[in-house]
Amino acid sequence: MAVRNLYGPGVRMGNWNEDVFLEEERMRDFLEKREKGELLIQRNRRLKKNLLRPMELSISQDGFVHYGDKVILVNPDHARGEEAGMFLEGDMCLCVSPDEVKAQLCDELEVPCGVSAVQTTVPTGRNTFTILSDSSDRSAVGQVLRYGQSFCLGIAAGLECKTANEKLVLYHRHTNRALAAHRHLPLRTYFGKEVEVAAHTHLDSHRVEKPKNHWMLVTGNPRNTATTMLDLPAPPTDDTRAVEQAMGIST
């Protein structure tokens with residue numbers, strides 16, 4: 001008697017039952033994590049959303065910068081110096097730049113965190129800093145930040161001739177090196193191609209800090225909350241005022 005073949009495409013062999021259970025367990029685990037928002041892609045999106053969310057800068061009513069103010073730190077546009085090769089122009093803004101691998105695994109900004117400079121002056125979560133006192137004294141909030149005082153920059157993941165747009169040189173307390181934006185050194189970050197920022201003092205022949213060490217603490221525009229003090233036109237000089245008065249067009 002001929003023996004009929006008992007095996008066909010529909011017959012399961014080996015540890016097929018275990019494979020089915022493992023697949024079902026993986027699916028349950030996936031659905032549970034998705035429900036709780038614990039998937040890597042969900043964490044990644046939350047972090048990016050927080051870092052790129054629009055922010056409002058502090059409005060300076062007296063023309064000064066104060067402890068507790070929310071500002072952006074801008075390296076003003078300047079001409080190319082001795083740098084060779086690529087050179088990015090325009091105002092460059094200091095931004096936090098999280099590690100790309102850690103950013104994929106966590107929905108919160110881990111510290112310590114790197115920084116970079118990018119061609120934007122739009123306040124977002126990653127470039128809006130709060131000026132903090134270097135001590136635990138909370139009474140400093142609201143006080144004017146004066147020349148020579150030490151301060152810290154924390155991050156949460158206009159009067160004519162009296163503005164926050166003055167150029168500053170920021171020195172690192174422990175190394176006594178100035179903050180610099182290296183426009184000729186591109187940096188690949190979690191957000192794309194940006195510019196390297198480092199603590200290095202660049203001096204010219206007169207022992208004066210070069211433009212790459214110049215920064216501005218920029219507050220919001222009191223006339224338009226959607227813009228910054230950088231968007232205000234430069235105040236007229238004394239010569240310009242004299243010409244306007246002579247022509248009868250002064251305001």
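Arg28 is partly exposed in this predicted model, with a relative accessible area of 47%. Its salt-bridge partner is Glu25, which also counts as partly exposed, at 43% relative accessibility. Both values lie between the limits of 20% and 50%, and therefore neither residue is classed as buried or as exposed. The closest N and O atoms of this pair are 2.7 Å apart. Glu25 and Arg28 both belong to helix 1, which spans residues 16-36. Three residues, or about one turn of the helix, separate them along the chain.

The structure holds six salt bridges. Three of them are listed below, each with the distance between nitrogen and oxygen.

| Acidic residue | Basic residue | N to O distance |
|---|---|---|
| Glu25 | Arg28 | 2.7 Å |
| Glu82 | Lys210 | 3.4 Å |
| Glu194 | Arg126 | 2.8 Å |

The pair Glu194 and Arg126 offers another setting for such a contact. Both of these residues are buried, and their closest N and O atoms lie 2.8 Å apart.

Glu82 and Lys210 meet through their side chains, with 3.4 Å from N to O. This distance falls within the 4 Å cut-off, and the contact therefore counts as a salt bridge. Lys210 has a relative accessible area of 22% and is partly exposed; the limit for a buried residue is under 20%, so Lys210 does not fall into that class. The contact between Glu82 and Lys210 is also part of a wider arrangement: a network of salt bridges links Glu82, Glu83, Lys210 and Lys212.

Methods
Residues numbered from 1 in each chain as written. Predicted model: local features only at pLDDT ≥ 70, side-chain atom pairs only at ≥ 80, totals over all residues. Heavy atoms only, no water. Helix = DSSP H or I, 4+ residues; strand = E, 2+ residues; numbered from the N terminus. Buried < 20%, exposed > 50% of the residue type's maximum accessible area, 1.4 Å probe, protein only.
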